[in-house]
Amino acid sequence: MNFNGNILRKHKFTNLGIYYKKYYLAQDIYEGSWWGIFDKKTDKKIWIKNEPIHHEILISPQETIIVFSKETKVYKKREVDFDTIKEYNFEGKLLQKYSMYENLPMFQKFHKKLELDFPKIPFLLEKSRRNLKSPWSGFYDYYRLNSMQILPKNNLGKKNKKFQEGNWLLSCRHGSLIFIIDKDTKKVIYSLNQFSIKSQIQGQHGVQLLENGNLLMFDNGRYRGESRIIELNPITLEIEFEYKQNFFSESQGYVEKINGNYMISESEKGRIFMINSKKELVWEYVNEELFDEKNSNYLENYGSPMWIYRARYIK
């Protein structure tokens, strides 16, 4: 799509879709059973990987493919999904797998107990329990990893190894947790949580370290009912830019900084808009495709714009 709102190309499979060179990579549907690589022009299948993934397809600087999956473990007498990070080459060969469950004691040192850390009370209905089991076989989700960035070159990384190029920046919805993982040791070297700043981070998505050394994120505001965009100094924890003017997405959401402007995905409204550094609206698009009985099982969504997970700028 261009900035006039004109659709330039549509693909058959779009969930988590990204472009890379002459390819596009995508999952079949949300929590679907497979993902793969396709020819950008023809939609021809290059290869398919029969495994469910979630939230992220990422191309590394080494031209490998990183995706999120899960593994189900019995934890505190519950069937719980724990996130895994998998790296593949472009031939579909698995190069490495990083398990958050195997590293759980390390991660837990950086946050207070989460809901699933408390013993299950018999016969008590838990709101966090899914009605149907996930594609990975769990009924609960421990961290719900929702984005990853391999840190680029940045001003802060030149002075502080925590933010050096190549480290992993992870965002988890549950606990509103942000971690930086050392690229070599795979140990947590930096973290934030919901209460790290006075105004709170609530269920954030799309956390990125910018060239200027600030953390940019879509702060969903799940509990205050108002989303915002913030640029946060990760050392002083001062908010250096904030935008919160009548938009809200309880889940999902994304922001990208482009030439000083901010392109924002208000996912649950099916809306993409751009503001400038003065917080003035410069562009807006609302999805023309609507929810109906063919694409949704939720009657309350019928007639409203279909959600947009992430809008990204293609150079």
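Select H55 first, in the loop between strand 4 (45–49) and strand 5 (57–59). The model is a predicted one, and the backbone at H55 has a phi near 65°, a positive value in a residue other than glycine. Is H55 buried or exposed? H55 counts as buried because its relative accessibility is 12%, and the cut-off for buried is under 20%.

Next, select K77. The loop that holds K77 joins strand 6 and strand 7. Phi is again positive in a residue other than glycine, with a value near 65° for K77. The relative accessibility of K77 is 76%, so K77 counts as exposed; the cut-off for exposed is over 50%.

Move on to V80, which is placed in strand 7. V80 has a relative accessible area of 0% and is therefore buried. Show its surroundings: leaving out residues up to four places away in sequence, V80 touches E71, T72, K73, Y75, L116, Y140, D141 and Y142. For a distance across the model, draw a line from the C-alpha of V80 to that of Q204; the two are 21 Å apart in space and 124 residues apart in sequence.

Now select D81, also placed in strand 7. How is D81 classed, buried or exposed? With a relative accessible area of 2%, D81 is buried. Beyond residues up to four places away in sequence, D81 touches K70, E71, T72, S134, W136, S137, G138, Y140, D141 and Y142. A second line can be drawn from D81 to V255: their C-alpha atoms are separated by 27 Å, and the residues lie 174 apart along the chain.

Then turn to the largest nonpolar core, which has 28 residues. Which of its residues touch the most other members? They are I85, F107, Y142, Y143 and M148. To see where the core comes from, colour strand 6 (65–75), strand 7 (78–88), helix 1 (104–108), strand 10 (145–150), strand 11 (168–172) and strand 12 (177–181); each supplies at least two residues of this core.

Centre the view on F107. What does F107 touch, not counting residues up to four places away in sequence? Its contacts are Y98, M100, Y143, F179, I181 and V188. A second core, separate from this one, has 16 residues; among them are I178, Y190, I197 and L209.

Finally, zoom out to the whole chain and switch to a cartoon view. One helix and 21 strands are present. The C-alpha trace spans about 50 × 45 × 40 Å along its principal axes. The radius of gyration is 19 Å, which agrees with a compact globule, because a globule of 315 residues would have a value near 20 Å. Colour by burial: 53% of the 315 residues are buried. In a contact map, take the contacts with a separation of 6 or more; residues 24 or more positions apart account for 45% of them.

Switch to the surface. The chain exposes about 16700 Å², and carbon and sulfur atoms supply 49% of that area. Last, colour by charge. How far apart are the mean positions of the positive and negative charges? The chain has 50 positive and 39 negative charges, and their mean positions are 4 Å apart.

Key:
Residues are numbered from 1 along each chain as its sequence is written. This is a predicted model: local features need pLDDT of at least 70, side-chain atom pairs count only at pLDDT 80 or more; totals for chains, interfaces and linings use all residues. Side-chain values use heavy atoms; hydrogens and water are left out. A nonpolar core is a set of buried Ala, Val, Leu, Ile, Met, Phe, Trp, Tyr and Cys residues joined through side-chain atoms within 4.5 Å. Buried means under 20% relative accessible area, exposed over 50%, partly exposed in between (1.4 Å probe, protein chains only). Helices (H or I, at least four residues) and strands (E, at least two) are DSSP runs, numbered from the N terminus. Contact means heavy atoms within 4.5 Å. The radius of gyration is taken over C-alpha atoms; the globule rule is 2.2 Å times the number of residues to the power 0.38. Accessible areas come from the Shrake-Rupley method with a 1.4 Å probe; for residues, only the protein chains shown count as cover. Lys and Arg count as positive and Asp and Glu as negative; His and the chain ends are not counted. The place of a charge is taken as NZ of Lys, CZ of Arg, CG of Asp or CD of Glu.
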